[in-house]
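Reader: I should be grateful for a close look at one part of this protein, namely a loop residue with an unusual backbone angle. Please describe the residue itself and then place it within the rest of the fold.

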Amino acid sequence: MVGGIVGFRGAGARAVLGVGYPESKHRVLKHAHQCGFEWPALIHPESRRGARVNFGRGCFVQAGCILTCDIDVAEFATINTGATINHDVRIGRLATISPGAHIGGNVIIEEGAFVGIGAAVKQRVRIGMWSVVGAGAVVVSDVPPNTVVTGVPARIREQRESGWHE
């Protein structure tokens, strides 16, 4: 049983996925997939967003977030309290932006990536699929898929096997 959903059939029922870590979200969704839930985007009214900000189903945006303009947030992405997301950013499916993280313009955060508390990502950077940016890290160059980076500036600390999240 995962989160009380095994055996539940919720055709037409609405659900919110309040899980932060992408690997855990992925696991819960694998079990919840057959339950028939509708997954609305949940956007806190005390978050701010500009023009052309799009949210996929199941997104969770918390209070105090600032999203400027031309931003696409894919399904089941999480943007935590006080995060700032600048223009022309793409946030992938199941990705998580932790509290107080700052994302520059023209950034791509791929599927399942995790950006830690207080991290900063410079403009025109790509965070690869299923990568982890440590708390307080400052990312100034692309992060390869399945990689853990930490520090100022961020440096590779671990390279994971691809497919570890499946």
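Author: The residue in question is Trp130, which sits in the loop connecting strand S15 (126–127) with strand S16 (132–133). The model is predicted, and local features are described only where pLDDT is at least 70. Although Trp130 is not a glycine, its phi is positive, near 60°. The relative accessibility of Trp130 is 1%. Because residues under 20% relative accessible area are classed as buried, Trp130 counts as buried.

A second loop residue may be set beside it. Asp88 also has a positive phi, of about 55°, and is likewise not a glycine. Asp88 belongs to the loop that runs between strand S8 (84–85) and strand S9 (90–91). As for its exposure, Asp88 has a relative accessible area of 28% and is therefore partly exposed. Thus Trp130 is buried, whereas Asp88 is partly exposed.

A further loop carries a backbone feature of another kind. Val152 and Pro153 are joined by a cis peptide bond, with omega at about -10°. Pro153 is located in the loop between strand S18 (147–150) and strand S19 (155–159).

These loops may now be placed in the fold. The protein contains 19 strands and 1 helix. Six of the strands form an open sheet with parallel pairing, in the order S2-S5-S8-S11-S14-S17. At its edges lie strand S2 (48–49) and strand S17 (138–139), each of which pairs on one side only. Strand S8, which precedes the loop of Asp88, is a member of this sheet. At the S17 edge, strand S14 (residues 120–121) runs parallel to S17 and is joined to it by 2 bridges. Within this pair, Ala120 stands opposite Val138 of S17.

Some totals for the protein complete the description. The protein has 166 residues, of which 44% count as buried, and Trp130 is one of the residues classed in this way. Among contacts with a separation of 6 or more, 16% are between residues 24 or more positions apart. The exposed surface of the protein amounts to about 8,000 Å², and carbon and sulfur atoms supply 52% of that area.

To return to the part requested, Trp130 combines a positive phi near 60° with a relative accessibility of 1%, in the loop between S15 and S16.

Note on methods: Residues numbered from 1 in each chain as written. Predicted model: local features only at pLDDT ≥ 70, side-chain atom pairs only at ≥ 80, totals over all residues. Heavy atoms only, no water. Helix = DSSP H or I, 4+ residues; strand = E, 2+ residues; numbered from the N terminus. Buried < 20%, exposed > 50% of the residue type's maximum accessible area, 1.4 Å probe, protein only. Contact = heavy atoms within 4.5 Å. Areas by Shrake-Rupley, 256 points an atom, 1.4 Å probe, with all protein chains shown as cover. Pairing = 2+ DSSP bridges.
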